[in-house]
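Visitor: Please walk me through this one. I am new to reading structures, so plain words would help.

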Amino acid sequence: MMQKPNVVQIVVDDMGFGDIEYYNYGLTETPHIDSLIRDGIELTNHYSGSAICSPARASLLTGRYPHRTGVIDTMAVGGLDRMSLREKTVAEYFKAGGYATGLMGKWHCGAGGDYNPHNRGFDHAWWFSGTVKSYFDWDGEVRRKDQPETSGGRYLTDAITDEAIDFVEQNSDQPFFLHLAHFAPHGP
């Protein structure tokens, strides 16, 4: 019987095709990203479901057009960033297939109660909803399930990466799906 593959889906805010050394002929240095391209699967004809963060994420997580998911903007006011509860995420499908599921980083598809990622198929969620005020001071903005975390001066990109590494190590004996959603190079 064939072993199920682990799947890591990496999402990076505001990184463009030309920011990666593999594609920009050495204008930047991105050796680890370049090795993922060389050693993994390179998809060259992919388009975002939206130019706006939340709808693009909802589309990626559901495989549907953003307006069908209920997410039409980034604004929490009026629930415009909330993914409809009738939508199933890729994490729910992986979970049903026997995978451990994790989300580390930016969620931005609704917050509060049933809209939180651990209620949308993610067994392990270390997340923040939309934006953070600082890469070094994100006290209370990042959550583990529903509990606020403190930064302790940790750089957010490193903290997200550390959480992802912990998830991979803790689930190395079973198939897993990890949605790794970095905030960098997004502002502030």
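Guide: One term to begin with: helices and strands here are DSSP runs, of at least four residues for a helix and at least two for a strand, and they are numbered from the N terminus. Pro-185, for example, is found in the segment after β6. Keep in mind that this is a predicted model.

Visitor: What is the peptide bond from Ala-184 to Pro-185 like?

Guide: The bond from Ala-184 to Pro-185 is cis, and its omega is near 10°. Most peptide bonds are trans.

Visitor: Okay, pockets. What volume does the largest pocket have?

Guide: The volume of the largest pocket is about 2,000 Å³.

Visitor: And how many residues line the largest pocket?

Guide: The lining has 44 residues, and Gln-9, Ile-10, Val-11, Val-12 and His-46 are the ones nearest the centre of the pocket. By kind, the lining divides into 23 nonpolar, 15 polar and six charged residues.

Visitor: Which helices and strands each supply at least two residues of that lining?

Guide: Two strands, β1 (7-12) and β6 (176-182), and three helices, α2 (31-39), α3 (53-62) and α6 (156-170), each supply at least two.

Visitor: Switching to the surface. Which residues make the nonpolar surface patch?

Guide: Val-8, Ile-10 and Leu-36 make a nonpolar patch of about 260 Å². Ile-10 is also among the residues nearest the centre of the largest pocket. Leu-36 is in helix α2.

Visitor: Now charges. How many salt bridges does a search of the whole structure find?

Guide: The search finds eight salt bridges. Side chains of opposite charge can pair when their charged atoms come close.

Visitor: Which residue does Asp-13 form a salt bridge with?

Guide: Asp-13 pairs with Arg-57, and their closest N and O atoms are 2.4 Å apart. Asp-13 is in the loop between β1 and α1 (21-24) and Arg-57 is in helix α3, so the salt bridge ties together parts that are 44 residues apart in sequence.

Visitor: Is that Asp-13 buried or exposed?

Guide: Asp-13 counts as buried because its relative accessibility is 7%, and the cut-off for buried is under 20%. Arg-57 counts as buried too, at 5%.

Visitor: What about Arg-144 and Glu-163, how far apart are N and O in their salt bridge?

Guide: The distance from N to O is 3.0 Å in the salt bridge between Arg-144 and Glu-163. This pair links distant parts of the chain, with Arg-144 in strand β4 (residues 143-144) and Glu-163 in helix α6, 19 residues apart. Glu-163 is buried at 10% relative accessibility. Asp-13, Arg-57 and Lys-106 are joined into one network by salt bridges that share partners.

Visitor: Which residue does Glu-149 form a salt bridge with?

Guide: Glu-149 forms one with Arg-144, where the closest N and O atoms are 3.3 Å apart. Glu-149 has 17% relative accessibility and therefore counts as buried, whereas Arg-144 is partly exposed, with a relative accessible area of 36%.

Visitor: Back to the backbone. What is odd about the phi of Asp-14?

Guide: Asp-14 has a positive phi of about 60°, although it is not a glycine. Most residues other than glycine have a negative phi. Asp-14 is in the loop between β1 and α1, and at 57% relative accessibility it counts as exposed.

Visitor: And what phi does His-108 have?

Guide: His-108 has a positive phi of about 55°, and it is not a glycine either. The residue lies in the loop between β2 (100-106) and β3 (124-128). Unlike the exposed Asp-14, His-108 counts as buried, at 8% relative accessibility.

Visitor: Last topic, distances. How far apart are the C-alpha atoms of Asn-6 and Ser-172?

Guide: The C-alpha atoms of Asn-6 and Ser-172 are separated by 9.1 Å, while the two residues are 166 residues apart along the chain. Asn-6 is in the segment before β1 and is partly exposed, with a relative accessible area of 39%.

Visitor: And what separates Ile-165 and Phe-122 in space?

Guide: From C-alpha to C-alpha, Ile-165 and Phe-122 are 16 Å apart, and in sequence they are 43 residues apart. Ile-165 lies in helix α6 and counts as partly exposed, at 41% relative accessibility.

Note on methods. Residues are numbered from 1 along each chain as its sequence is written. This is a predicted model: local features need pLDDT of at least 70, side-chain atom pairs count only at pLDDT 80 or more; totals for chains, interfaces and linings use all residues. Side-chain values use heavy atoms; hydrogens and water are left out. On a 1 Å grid over the protein atoms alone, a cavity is a set of points where a 1.4 Å probe fits but cannot get out, and a pocket is an open set with protein on both sides within 12 Å along at least five of seven lines; lining residues have an atom within 4 Å of a point. Grid points are joined across faces, edges and corners, and a volume is the space filled by probe spheres set on the points. Ala, Val, Leu, Ile, Met, Phe, Trp, Tyr, Cys and Pro count as nonpolar, Asp, Glu, Lys and Arg as charged, and the others, Gly among them, as polar. Patches are made of residues with over 30% relative accessible area and no salt bridge: like charges are joined within 9 Å, nonpolar side chains (Val, Leu, Ile, Met, Phe, Trp, Tyr) within 5 Å. Accessible areas come from the Shrake-Rupley method with a 1.4 Å probe; for residues, only the protein chains shown count as cover. A salt bridge is a side-chain nitrogen of Lys or Arg within 4 Å of a carboxyl oxygen of Asp or Glu. Buried means under 20% relative accessible area, exposed over 50%, partly exposed in between (1.4 Å probe, protein chains only).
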